[in-house]
Amino acid sequence: MDEPVKQLLRRVLRRISVPVLRTTLEKWGRLTVAQQQSIDFTQTKWVITEKLLTICEESEWSLKRITELEMIYVIDNPDQGMWNAFQLVDPDADAHSVELTQFKEQFKSHLGELLRRVSVKIKKHTDEAVWIRIAWGDSFSQPNHLKPTYVVHHLQTPYVFVTGLTSKQKPLLSQALALSTRHQAVKDAHLSGRKFTAIRDLLMTQYQQAFPTRHPSPLAEKNQNVSDPQIEREHDGQAASRRQMACEAFGEGKLPQLQSAVYKLETKFRDHTNKTMTEREEPFKCVVKFTSTNLLESFRQCASSGFASTPVTPLLSSIPRKGRNYFVITDNGPGAPSQTRQPQN
């Protein structure tokens, strides 16, 4: 067995925890019954890895087989690494008719024309998503399977999700995707994060949304400490109104677990007590970053509980409404209020 195959197998096994490994190997389906029974999953990760390396040598597994194992694990455990969202723009008239076999053939063909040494593996998941694993090479070296790029695309949608992509590889991938899906270009959606499912659900609006209503339903829980019925009704009405506006801004039920949002400020400094900064011609620049284990849920709770003012500012409600978590805030002109603009690609 070649050393590159051993290296890749070690790298893959290093990423998989022992409890998950058994299930992943079963889905892979390359082990015989005897080989499965010979692995003691109560032993240490090092012992299990060495056992699998021995089986790998005996079975003469190819590089292709090991990449299959890696893809199964990544597809089942996608919430790792940094994912970036992109959007296909200007579709051709027949873009909606592209089906899987056609896409696979054209994507491999177009990417192969742009880069001679490249390895592409494409697999369709049960949720209809097309997963692409790309190992990049160049004019002097073979594809590097230790640092692959993963691409996820739902056919007949304009959305693409990518992880492990360098700036050098980005134009090649963009051109191959545009041509194989029959679009004119690919643009940055300005949405990124370490949880793939959150990025996907937010951009494709796969979560429960709330819509404006003149008659918000009252909260289930009431403030038992208020004895005056009129004050109680007023408090309940205010609380219900805050919750309704919070849900309209961020959604209802379980929200995508977005973990960060970045605001880049390029605005005029305004403070009459600080003439030095206010009279500067150059814009005031800074970056504001919000982080949380579930940012949208945090914002919704702040608005619902009254810690943040309602209606919710568009600076925050634009995250789910536009499906983005990166914004640039600029001025319309001298003395004008700041506004968000889309960053230049």
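Trainee: What makes the 58 residues here a nonpolar core, and which have the most contacts inside it?

Mentor: This is a predicted model, and its largest nonpolar core has those 58 residues, with L52, I66, W131, F161 and I319 making the most contacts inside it. The name fits because a core takes buried residues of types such as Leu, Ile, Trp and Phe, joined through side-chain atoms within 4.5 Å. Helix α5, residues 63–76, gives the most to this core, namely 7 residues.

Trainee: Which residues does I66 touch?

Mentor: Leaving out residues up to four places away in sequence, I66 touches V5, L8, L9, V12, W28, C56 and W61. Touching is a heavy-atom matter, with a cut-off of 4.5 Å. Apart from that core there is another one, with 23 residues, including V98, L111, V160 and A178.

Trainee: Back to burial: what share of the chain counts as buried?

Mentor: It's 41% of the 345 residues. They get the label because their relative accessible area is under 20%. As a general rule, nonpolar side chains in soluble globular proteins tend to be buried together. On the outside, the chain exposes about 19,500 Å², and carbon and sulfur atoms supply 49% of that.

Trainee: How do you know that α1 and α4 pack, and at what angle?

Mentor: Look at who meets whom: V5, K6, L9, R10, L13 and R14 of α1 are in contact with K45, T49, L52, L53, C56 and E57 of α4. Sorted by class, that contact has 6 nonpolar, 1 polar and 5 charged residues. The angle is about 145 degrees and the axes lie 10 Å apart. For the record, α1 spans residues 3–15 and α4 residues 45–59, and their crossing is right-handed.

Trainee: What makes the contact of α6 with α7 count as having no charged residues?

Mentor: Start with the geometry: the axes of α6 (residues 100–114) and α7 (residues 170–181) come within 9 Å and cross at roughly 145 degrees, in a right-handed crossing. From α6 come F103, Q106, F107, H110, L111 and L114, and from α7 L172, L173, Q175, A176, L177, L179, S180 and T181. The class count is 9 nonpolar, 5 polar and no charged residues. The charged class takes Asp, Glu, Lys and Arg, so His falls among the polar ones.

Trainee: How many helices and strands does the chain have?

Mentor: There are 12 helices and 10 strands. Among contacts with a separation of 6 or more, 68% come from residues 24 or more positions apart.

Note on methods: Residues are numbered from 1 along each chain as its sequence is written. This is a predicted model: local features need pLDDT of at least 70, side-chain atom pairs count only at pLDDT 80 or more; totals for chains, interfaces and linings use all residues. Side-chain values use heavy atoms; hydrogens and water are left out. Buried means under 20% relative accessible area, exposed over 50%, partly exposed in between (1.4 Å probe, protein chains only). Helices (H or I, at least four residues) and strands (E, at least two) are DSSP runs, numbered from the N terminus. Axes are lines fitted to C-alpha atoms, for helices over the stretch in contact, and angles run from 0 to 180 degrees between N-to-C directions. A crossing is left-handed if the near helix is turned anticlockwise from the far one by less than a right angle, and right-handed if clockwise. Accessible areas come from the Shrake-Rupley method with a 1.4 Å probe; for residues, only the protein chains shown count as cover.
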